[in-house]
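Here's a set of why-and-how questions for looking over a model. Keep the structure open while you read.

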Amino acid sequence: DYAGCTSPSAANYNPTATVDDGSCLFEGCTDSTAANYEPGANSDDGSCLFPGCTDPAADNFDNGANLDNGSCVISGCTDAAADNYDAAANNEDGSCVYLGCTDADADNYDDDCVGY
């Protein structure tokens, strides 16, 4: 009898082994908190996925996430007509600035503006 891993699905399968010695390695994600946890795995292969916001510029950046799940919140001015429009922003934070004439007596007065 030759001891070794007798499971063909194991990473260390030994076709010459005739007695399973319990050494079989089943690779996969072994972290039970990961989205792709594999309960049958006994050898972590580094494939664990942790969903969250992976954009360091986002308000809710998750340093432990390695799979972006689209939840990132980036605050800024979302009005394309504003002078400080932020194309990356998806959360209006009230910071929009509209430059123009703020003199109420002028013909080109614009009450949306904050300065020239």
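**Reasoning from the values**

Q: What share of the contacts with a separation of 6 or more comes from residues 24 or more positions apart in the protein chain?
A: In this predicted model, that share is 0%. Contact here means heavy atoms within 4.5 Å.

Q: How do you know whether the protein chain fits the globule rule or departs from it?
A: Set the two radii of gyration side by side: a compact globule of 116 residues would come out near 13 Å, but this chain has 29 Å. The spans along the principal axes of the C-alpha trace go with that, at about 100 × 20 × 15 Å.

Q: What makes up the pattern of the protein chain along the sequence?
A: Strands: the pattern reads β-β-β-β-β-β-β-β. That's eight strands and zero helices. A run of at least two residues counts as a strand, so a stretch such as strand 2 (19-20) qualifies.

Q: How much of the protein chain counts as buried?
A: 23% of the 116 residues, with the cut-off set at under 20% relative accessible area. As for the accessible surface, it comes to about 7,300 Å², and 46% of that belongs to carbon and sulfur atoms.

Q: Why is the link between C5 and C24 called a disulfide?
A: Their sulfur atoms sit 2.0 Å apart, and the cut-off is within 2.5 Å, so the pair qualifies. A disulfide is a covalent bond between the sulfur atoms of two cysteines. The link of C5 and C24 is right-handed, with 110° about the S-S bond.

Q: What makes C5 and C24 a tie between parts of the chain?
A: C5 lies in the loop between strand 1 (3-4) and strand 2, while C24 is in the loop between strand 2 and strand 3, so the pair ties together parts that are 19 residues apart in sequence.

Q: Why do C5 and C24 count as buried?
A: Buried means under 20% relative accessible area. C5 has 2%, so C5 is buried. C24 has 7%, so C24 is buried too.

Q: How do you know that C29 and C48 are joined?
A: The S to S distance is 2.0 Å, which meets the cut-off of within 2.5 Å, so C29 and C48 count as a disulfide. The torsion about their S-S bond is about 110°, so this disulfide is right-handed. C29 lies in the loop between strand 3 and strand 4 (43-44) and C48 in the loop between strand 4 and strand 5 (51-52), so they tie together parts 19 residues apart in sequence.

Q: Are C29 and C48 buried or exposed?
A: C29 is at 0% relative accessibility and counts as buried. C48 is at 9% and also counts as buried.

Q: What makes C77 and C96 a disulfide?
A: Again it's the sulfur atoms, 2.0 Å apart and so inside the 2.5 Å cut-off. This link is right-handed, with 105° about the S-S bond. C77 lies in the loop between strand 7 and strand 8 and C96 in the segment after strand 8, so parts 19 residues apart in sequence are tied together. C77 and C96 are both buried.

Q: How many disulfides does the structure hold, and how are the bonded cysteines paired?
A: Four disulfides. Numbered in sequence order, the bonded cysteines pair as 1-2, 3-4, 5-6, 7-8.

Q: Why is L25 called partly exposed?
A: Partly exposed sits between the 20% and 50% cut-offs, and L25 has a relative accessible area of 35%, so the label fits. L25 is in the loop between strand 2 (19-20) and strand 3 (27-28). Beyond its neighbours within four places in sequence, L25 is in contact with A10, A11, N12, N42 and S43.

Q: Why does D79 count as partly exposed?
A: Its relative accessible area is 30%, which falls between 20% and 50%, so D79 is partly exposed. D79 lies in the loop between strand 7 (75-76) and strand 8 (91-92).

Q: What does the side chain of D79 reach?
A: The backbone nitrogen of A81, at 2.9 Å. Leaving aside neighbours within four places in sequence, D79 is in contact with Y85, E92, C96 and Y98. For C96, the C-alpha separation from D79 is 7.0 Å, with their positions 17 residues apart along the chain.

Conventions. Residues are numbered from 1 along each chain as its sequence is written. This is a predicted model: local features need pLDDT of at least 70, side-chain atom pairs count only at pLDDT 80 or more; totals for chains, interfaces and linings use all residues. Side-chain values use heavy atoms; hydrogens and water are left out. Helices (H or I, at least four residues) and strands (E, at least two) are DSSP runs, numbered from the N terminus. The radius of gyration is taken over C-alpha atoms; the globule rule is 2.2 Å times the number of residues to the power 0.38. Buried means under 20% relative accessible area, exposed over 50%, partly exposed in between (1.4 Å probe, protein chains only). Accessible areas come from the Shrake-Rupley method with a 1.4 Å probe; for residues, only the protein chains shown count as cover. A polar contact is a pair of N or O atoms within 3.5 Å; within protein, one must be able to donate a hydrogen and the other to accept it, and residues adjacent in sequence count only if both atoms are side-chain atoms.
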